[in-house]
Amino acid sequence: MERRTYFVDVLLPLHLPGTYTYRVPFEYNDAIRVGQRVVVQFGSKRLYAALVRHIHENAPSYTTKYVLSILDIEPIVGERQFKFWEWMAAYYMCYPGDVMAIAIPSAFRLSSESYIVVHPDFAGEYSDLGEDEIKILDVLSRKERLEISDVAEITGYQKIMPLVKSMIERHIILMDEELKQRYTPRRSTWLALDEKYKDEAELKLLFDSLEKKSSNQKQLLALMRFLQLSNFGASEVKKKVLADDRDLSPSAIDTLVKKEILTAYQKTESRLEAVVSTTDVNSVTLNEEQQKAFDAIVTSDKPVSLLYGVTSSGKTEVYIRLMDRALKEGKQVLFLLPEIALTAQIINRLRKFFGNAVGIYHSRFNTQERAEVWQRTMDTTDNGFKILVGARSALFLPFHNLGLVIVDEEHDSSYKQNDPAPRYNGRDSAIYLAHSWNARAVLGSATPSVESYFNAQSGKYGFAEMTHRYGGIQMPEVLCVDMKSAQRKKEVQMNFSHFLLGYIKEALANKEQVILFQNRRGFSLRLECDVCQWIPQCKHCDVSLVYHKSTNSLRCHYCGYSIPVPSECPACHSTTLKMRGFGTERIEDDLAIFFPEARIARMDLDSTSQKKRYIEILNDFDDHKIDILVGTQMVTKGLDFDNVSVVGILSADNLISFPDFRAYERSFQQMTQVSGRAGRRGKQGKVIIQTYQPYHQAIRDAMNNDYASMYNSQIVERRVFKYPPFYKLIVITVRHQNMELVNQASALYAARLREQFADRVMGPEYPNVARIRNQYLKRIMVRFAVGEAIGEGKRIMLGLADELLKDKAFARVQFLFDVDPQ
């Protein structure tokens, strides 16, 4: 047989350009495949799990290192995924390795990138070993494994990998990764009655023999319990069920196995909850408006459709029918949601209809669970997932036949990843993913983004509309409280107007529920000296510290820096320190004073940090165990509760006063979305907006639920001032610990950009927070008209940054590119 020499180009999960070439050992020629993980040495000591991108016979001009091992029998990444990653890297101006680092579950990375162990086949023959090899084995005889850096210390070599590689090739040592992967299927022991004793006569003889000796009583009791649970041996029983029975002896169970009365065997189990569908999809009947929307989507000649439906119009029922249609065609479905909190409710609804075909994927799952979801997404058998529900990270799952992509609440800014790279938009990436599979994409929202609505109105997207609530339910009545006037009339207590308190009291008296929205967590937004106006600042970031009562500390929401609450002002030594502003923690505290009998809960980042805590809060609210739910933007997004009669927006001014060209749109969306939680069943709900600007147009539009007014005003402004959807934006952040270096680098980079792009360049300017984690920031914005050759512009921008980094003075300055910033 001809001996062929193969090379592989591998992708590493690092911020590095392109792929790297390694030589394939001859014994791996028949096993190596594109999409498998392989272990390679990168640098002098580090070992990494890389993905095989290409296999070829083109020897590079330099000496290549060898692939050290193959970690997978079958590929875990397909060609379409690689293409998707490469598109994302090109569009969002980063490297494919950046994409790989966030796409692959951490369980598929090596559990340790640089450990060695003694090879299990090593016979212990030391006569052919060198002095350094004997030293290594001597230490390994006392320690289970060694880190590569420890090996370097033992031998005194800086470049230790040639020696390690030589020992691996001779089967003296083995990389720990080959023995211990981070993902291992869960296995448990099951017990079955031996075939011999399924015969009634043989079983009777067995009982007779066990009853003769008193020492066999524990075994007899265990056997009787097993037969009871197994329907007299007709089925198997999980060993743990017997072992957990306090009346049984674990040793007696083991003895039954040793005597071959019971047979023990291992069975692979899922870590994920198994469910069975309980409702036929055909029971989902669409009303006339829903049916028109469904028909408009499935008959559209556009691959992307926007479903614009007011809150509680029944978009989920349309989604379910679309999913059922895709499944009947043998296709998979991806259903994206902006927040993990939303997945709990929607998963329960989908599993009613689709049972175990529904998988969920998000960051709150542990590494083993995420890896299992990955494997079952690839699975083409009945055990595989057909519908995948998750936040934006679910985009990277290894689909094998994707036919439908649904992006619910498509307007939500949570779909945008801000750090680290790739700084991608989940909605836009989902559209590309659907295109790569020739699948249909559906974007749904009660408050579509200006860009999506513009695309629908201009004919780029298909369009379906639902303007009425399902079942004839009325839209909530939205009322506005002028806080200036209320304070003047002394009708404000703490942070609540008497008007709002009255409606809360009425709702509680009627056994109804209340949601209060404040988009600030913590107790007080800042502490301030009443004498000299000193405000405690984070020592790592240019922000004030927020007071958290639960920990009695002042905390930075950017880096986590925390200090105890000072007893006096360090500047003037005054003890009159006042709390300014209010967050969700304070609202929760104050409500207990007004309504001591009410059951109050808070839903924000602090209160939901524990796994499944957010599910517990939502379930308790759904079960009417909570009367008042206080929350940040988590409570605004698509949640469906049948007993909420009052929604309060405590400080609308925080939303509309934010310095961003999307502030009007975002404030309208958030107020409209949280308003939509009221009156979803039965009688009309009430929404109370507290504001110091009652005649601001965004508030008037939210009160009137007038999306068209918001859209029409914004589209004119954006055309005039050159913002999306008429222009594409790229923001470059220049970052370094030295402020002067940031100033110099950003000024020089901006000047070079202007040579290429003239007046399309804005900045450099400091952002709202100019220092985060001791890194100073400056931003430059470049605009491109839609239809321009933006790809060439990106290449120029990256090239200019690389040029600047070659200057030793700026070698450690970072250039962060954000395409389509949110």
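The legends below accompany an overall view and several close-up views of a predicted model.

**Figure 1. The whole chain, seen as a fold of helices and strands.**
The predicted chain contains 26 helices and 36 strands, and its C-alpha atoms fill a box of roughly 90 × 75 × 70 Å along the principal axes. For 822 residues, a compact globule would have a radius of gyration near 28 Å, and the value of 31 Å for this chain agrees with that expectation. Of the 822 residues, 53% count as buried, and residues 24 or more positions apart in the sequence account for 75% of the contacts that have a separation of 6 or more. The chain exposes about 38000 Å², of which carbon and sulfur atoms supply 48%. There are 107 positive and 102 negative charges in the chain, and the mean positions of these two groups are 3 Å apart.

**Figure 2. An open sheet of five strands.**
Strands of a sheet pair through backbone hydrogen bonds, and the pairing may be parallel or antiparallel. In this view the strands follow the order β2-β1-β4-β3-β5, with antiparallel pairing. The edge strands are β2 (20-23) and β5 (69-70), each of which pairs on one side only. Further inside the order, strand β1 (residues 7-11) runs antiparallel to strand β4 (residues 46-56), and five bridges join the two. A student who wishes to follow this pairing residue by residue can begin at aspartate 9, whose bridge partner in β4 is histidine 54.

**Figure 3. Strand β35 and its pairing with β32, β33 and β34.**
Strand β35 (residues 775-785) pairs with strand β32 (residues 727-736) in the antiparallel sense over 10 bridges, and within this pairing histidine 736 has tyrosine 776 of β35 as its bridge partner. Strand β33 also pairs with β35 in the antiparallel sense, over three bridges, and here valine 761 stands opposite valine 782 in β35. Strand β34 (residues 771-772) adds an antiparallel pairing with β35 over two bridges, in which the bridge partner of isoleucine 772 is glutamine 775. The strands β34 and β35 form a hairpin with two residues between them, and arginine 773 in the turn has a positive phi of about 55 degrees.

**Figure 4. Two cis peptide bonds that lead into prolines.**
The peptide bond from alanine 421 to proline 422 is cis, with omega near 0 degrees, and proline 422 has its place in the loop between β16 (402-408) and α15 (426-436). The peptide bond from glycine 763 to proline 764 is likewise cis, with omega near 10 degrees. Where does proline 764 have its place? Proline 764 belongs to strand β33 (residues 761-765), a strand that pairs with β35 over three bridges.

**Figure 5. Positive phi angles in two loops.**
Lysine 511 is found in the loop between α18 (498-509) and β22 (513-517), and its phi is near 60 degrees, a positive value in a residue other than glycine. Is lysine 511 buried or exposed? With a relative accessible area of 70%, lysine 511 is exposed, because the limit for that class is over 50%. Asparagine 705 lies in the loop between α23 (697-703) and α24 (707-721), and it has a positive phi of about 50 degrees although it is not a glycine. At 29% relative accessibility, asparagine 705 counts as partly exposed.

**Figure 6. Serine 651, a buried residue in a loop.**
Serine 651 lies in the loop between β30 (644-649) and α21 (653-656). The relative accessible area of serine 651 is 15%, and this residue is therefore buried, since buried means under 20%. Apart from residues up to four places away in sequence, serine 651 touches Gln518, Phe582 and Gln690.

**Figure 7. Helix α16 and its surroundings.**
Helix α16 (residues 450-457) is mostly covered, for six of its eight residues are buried. These buried residues are Val450, Glu451, Ser452, Tyr453, Asn455 and Ala456. Against which elements do the buried residues of α16 pack? They pack against β12 (304-309), α15, β17 (440-445), β18 (462-466), α22 (663-675) and α24. Just after α16, glycine 459 takes a positive phi of about 90 degrees.

Conventions
Residues numbered from 1 in each chain as written. Predicted model: local features only at pLDDT ≥ 70, side-chain atom pairs only at ≥ 80, totals over all residues. Heavy atoms only, no water. Helix = DSSP H or I, 4+ residues; strand = E, 2+ residues; numbered from the N terminus. Rg over C-alpha atoms; globule rule 2.2 N^0.38 Å. Buried < 20%, exposed > 50% of the residue type's maximum accessible area, 1.4 Å probe, protein only. Contact = heavy atoms within 4.5 Å. Areas by Shrake-Rupley, 256 points an atom, 1.4 Å probe, with all protein chains shown as cover. Lys, Arg positive; Asp, Glu negative; His and termini not counted. Charge placed at Lys NZ, Arg CZ, Asp CG, Glu CD. Pairing = 2+ DSSP bridges.
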